[in-house]
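Subject: A structure for you to look at

Hi there,

Here is the structure I promised to pass on. Have a look at it first, and then read on for what turned up.

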Amino acid sequence: MAEVENWSPETVKAALDAGEIVLIDVRTPPEYMMEHIDGAFLMPMAFFRAHALPTQDGKRIVLHCGSGARSGKVAAAALDAGVTPLAHMEGGFGAWKQAGLPYTGTEMATGAPVAVNRG
């Protein structure tokens, strides 16, 4: 039986930068709007449909959420639907931020997007 691969945020970042993965954020639209990883596509858990995922011809699908709990559930559902291989980011977006990796946040005073951790 196939299993979900657990990838570190650093592994996800390297693969995303190299164009090797499709990163799918399964958080809610408001969560994504407030802060997200550049290049991640939004497919909220509540609306997740495994048949709507892109093919994996040449690119691995990697799922993520805020902590890893929701993406783990979505990954299990995708595996049950026959989507393999499949990975998810350990620790979710929280681990991404803790690792100091770049993302887009929201400037609370203006509501404008702002680059975070762009060294």
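The chain is made up of four helices and seven strands, and bear in mind that this is a predicted model. From start to end, the elements run β-α-β-α-β-β-α-β-α-β-β. The radius of gyration is 14 Å, close to the 14 Å that the globule rule gives for 119 residues, so the chain is as compact as a globular protein of that length. Along the principal axes, the C-alpha atoms fill a box of roughly 50 × 30 × 20 Å.

Some overall numbers may help you get your bearings. Of the 119 residues, 41% count as buried. If you take the contacts between residues at least 6 apart in sequence, 61% of them join residues at least 24 apart. The accessible surface is about 6,300 Å², and carbon and sulfur atoms account for 56% of that.

Helix 1 is a good place to zoom in. Its buried residues are Pro9, Val12, Lys13, Ala15 and Leu16. Among the elements that cover them are strand 1, strand 2 (21–25), strand 4, strand 5 (87–89) and helix 4 (92–98). After the helix comes Gly19, which has a positive phi, near 70°.

Now for the charges. The chain carries 9 positive and 13 negative side chains, with the centres of the two sets 4 Å apart. Side chains of opposite charge can pair when their charged atoms come close, and a search of the whole structure finds five salt bridges. Three of them are worth a look:

- Glu5 and Arg60 meet through their side chains at 2.6 Å, N to O, in a salt bridge. Glu5 belongs to strand 1 (residues 5–7) and Arg60 to strand 4 (residues 60–64), so this pair ties together parts that are 55 residues apart in sequence. Glu5 is partly exposed, at 29% relative accessible area, and Arg60 is also partly exposed, at 23%.
- Lys13 and Asp17 form a salt bridge in which the closest N and O atoms are 2.5 Å apart. The two are four residues apart in helix 1 (residues 9–17), a separation of about one helical turn. Lys13 is among the buried residues of the helix, whereas Asp17 is exposed, with a relative accessible area of 56%.
- Asp25 and Arg27 are joined by a salt bridge too, at 2.8 Å, N to O. Here both partners are buried.

Happy browsing, and do write back with any thoughts.

Best wishes

Terms used. Residues are numbered from 1 along each chain as its sequence is written. This is a predicted model: local features need pLDDT of at least 70, side-chain atom pairs count only at pLDDT 80 or more; totals for chains, interfaces and linings use all residues. Side-chain values use heavy atoms; hydrogens and water are left out. A salt bridge is a side-chain nitrogen of Lys or Arg within 4 Å of a carboxyl oxygen of Asp or Glu. Buried means under 20% relative accessible area, exposed over 50%, partly exposed in between (1.4 Å probe, protein chains only). Contact means heavy atoms within 4.5 Å. The radius of gyration is taken over C-alpha atoms; the globule rule is 2.2 Å times the number of residues to the power 0.38. Accessible areas come from the Shrake-Rupley method with a 1.4 Å probe; for residues, only the protein chains shown count as cover. Lys and Arg count as positive and Asp and Glu as negative; His and the chain ends are not counted. The place of a charge is taken as NZ of Lys, CZ of Arg, CG of Asp or CD of Glu.
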